[in-house]
Amino acid sequence: MSTPETQTHDIARLIISCPDQPGIVAAVSEVIAEVGGNIISLDQYSTGVEGGRFFQRTVFHLPGLAAAKPAVEQAVQTKLADRFSMDFSLTAADQPKRVAIFASKTDHCLLDLLWRHRRGEIPMDIAMVISNHADLAEDVRPFGIPYFHVPIVDGDKAAAEAKHLELLRGNVDMIVLARYMQIISEDFLDQVGAPVINIHHSFLPAFIGAGPYQKAKDRGVKLIGATAHYVTRDLDEGPIIEQDVIRVSHSDDVAQLTRFGADVERAVLSRAVKWHCEDRVIRNGSTTIVF
């Protein structure tokens, strides 16, 4: 179930951010027209009427995009980026992101992503699954995805992360933590060279630590939720991509809460990964703009 953007060759996505000022949209449209492109869709947002920061996602068709892409990037740099102090990226919609998924023993988020990938619902190529346990290897095997078991021996997380970096470096565009029950070190984040998305079993910050559904039951909550966010050096405080909730009642036991939580976790993580792969998420400090 691919999107219209990925069904057609020669579709480009131009993502920009810069200080807001008059003339940005017109200038972007002019450059795309000059290189022979035809705009299909355009989303924009400014953080303030005055002194804000401007964000735009422009999708356009350009025959022969693969050959023309370097020239288009040069035109954007010289005619837009230099003029507007602009950060930008230009991607081809039919080139899926290369993704590595980290998991531990819990399977629902991992298998949901593998299933959606097989159905073509998320424009990504899953390069590998990495786990600190071997439990899910047989579940992953039917999908034809390489599974790497990297145990943490005698508590040596640094050695495990060094192995992770060997596997990942140059091979992936993003990493998804699908209920990977290990804290990612600052050193790993500094070296990996790719964004990392995590799924958290609540609205943040709430019920942090082990046994979240028991804590939720003990507090008599009426809503449980999940949060997908980028991983930063500050634990569970990275920019939020997507959140959702499901209503529960006093009669639901911990097992039922856990099942409900798994449902909302799957949905939230899959949406966040899909949006990232479609270049819909732009980070802005501690927050995100999602087009």
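**Exercise 1. Place Asp10 in the chain and describe its backbone and its exposure.**

Step 1. Asp10 sits in the loop that connects α1 (4-7) with β1. The model is a predicted one.

Step 2. Check the backbone. Asp10 is not a glycine, yet its phi is positive, about 70 degrees.

Step 3. Check the surface. Asp10 is partly exposed because its relative accessibility is 23%. The cut-off for buried is under 20%.

**Exercise 2. Do the same for Arg179, then turn to Gly120.**

Step 1. Arg179 belongs to the loop between β8 and α7.

Step 2. Its phi is near 60 degrees, a positive value in a residue other than glycine.

Step 3. Arg179 has 12% relative accessibility, so it counts as buried.

Step 4. Gly120 follows α4, and its phi is positive too, near 75 degrees.

**Exercise 3. Describe the overall build of the protein chain.**

Step 1. Count the elements. The chain has nine helices and 13 strands.

Step 2. Take the dimensions. The C-alpha trace spans about 60 × 40 × 35 Å along its principal axes.

Step 3. Test against a compact globule. For 291 residues, the expected radius of gyration is near 19 Å; the chain has 21 Å, which agrees.

Step 4. Look at burial. Of the 291 residues, 45% are buried.

Step 5. Look at contacts. Take those with a separation of 6 or more: 66% of them join residues 24 or more positions apart.

**Exercise 4. Find the largest nonpolar core and the elements that build it.**

Step 1. The largest nonpolar core holds 32 residues. Ile101, Leu110, Leu113, Leu269 and Val273 have the most contacts inside it.

Step 2. List the suppliers. At least two residues each come from β5 (97-103), α4 (108-118), β6 (124-131), α5 (137-140), β8 (174-177), β9 (196-200), β10 (223-230) and α9 (254-277).

Step 3. Rank them. α9 gives the largest share, six residues.

Step 4. Look for a further core. Another one, of 22 residues, lies apart from the largest; its members include Leu14, Phe60, Ala81 and Phe84.

**Exercise 5. Which residues of α4 are buried, and what do they pack against?**

Step 1. The buried residues in α4 are His108, Cys109, Leu110, Asp112, Leu113 and Leu114.

Step 2. Their packing partners are β5, β6, α5, β8, β9 and α9.

Step 3. Zoom in on Leu110. Beyond four places in sequence, Leu110 touches Ile101, Ala103, Val129, Leu136, Val140 and Ala178.

**Exercise 6. Characterise the largest pocket.**

Step 1. Its volume is about 470 Å³.

Step 2. The lining has 24 residues. Nearest the centre of the pocket are Gln182, Ile183, Asn198, Leu235 and Asp236.

Step 3. Assign elements. α7 (186-192) and β9 each supply at least two lining residues. β9 gives the most, three.

Step 4. Sort by class. The lining has eleven nonpolar, eight polar and five charged residues.

**Exercise 7. Characterise the second largest pocket, then follow Ser89.**

Step 1. This pocket contains about 270 Å³ of space.

Step 2. Its lining has 16 residues, with Ile15, Ser89, Asp279, Val281 and Ile282 nearest the centre.

Step 3. Two or more lining residues come from each of β1 (11-19), β4 and β12 (281-284). β4 has the largest share, four residues.

Step 4. By class, the lining divides into seven nonpolar, four polar and five charged.

Step 5. Now Ser89. Ser89 is in strand β4 (residues 87-92). Ser89 is partly exposed because its relative accessibility is 31%.

Step 6. Find its contacts. Outside four places in sequence, Ser89 meets Arg13, Leu14 and Ile15.

Step 7. Take one distance. Ser89 and Thr227 are 138 residues apart along the chain, and 26 Å separates their C-alpha atoms.

**Exercise 8. How many cavities of 30 Å³ or more does the whole structure have, and which residues line the largest?**

Step 1. The search finds one cavity of that size.

Step 2. The space in the largest cavity is about 40 Å³.

Step 3. Its lining consists of Ile152, Lys157, Ala160, Glu161, His164, Tyr180, Gln182, Ile183 and Ile184.

Step 4. Sort by class: five are nonpolar, two polar and two charged.

Step 5. Cross-check with the largest pocket. Gln182 and Ile183 line the cavity, and Gln182 and Ile183 are also among the residues nearest the centre of the largest pocket.

Technical notes: Residues numbered from 1 in each chain as written. Predicted model: local features only at pLDDT ≥ 70, side-chain atom pairs only at ≥ 80, totals over all residues. Heavy atoms only, no water. 1 Å grid on protein atoms, 1.4 Å probe; cavity = no way out; pocket = protein on both sides within 12 Å on 5 of 7 lines; lining within 4 Å. Points joined across faces, edges and corners; volume = space filled by probe spheres on them. Nonpolar A, V, L, I, M, F, W, Y, C, P; charged D, E, K, R; others polar. Core = buried A, V, L, I, M, F, W, Y, C linked by side-chain atoms within 4.5 Å. Buried < 20%, exposed > 50% of the residue type's maximum accessible area, 1.4 Å probe, protein only. Contact = heavy atoms within 4.5 Å. Rg over C-alpha atoms; globule rule 2.2 N^0.38 Å.
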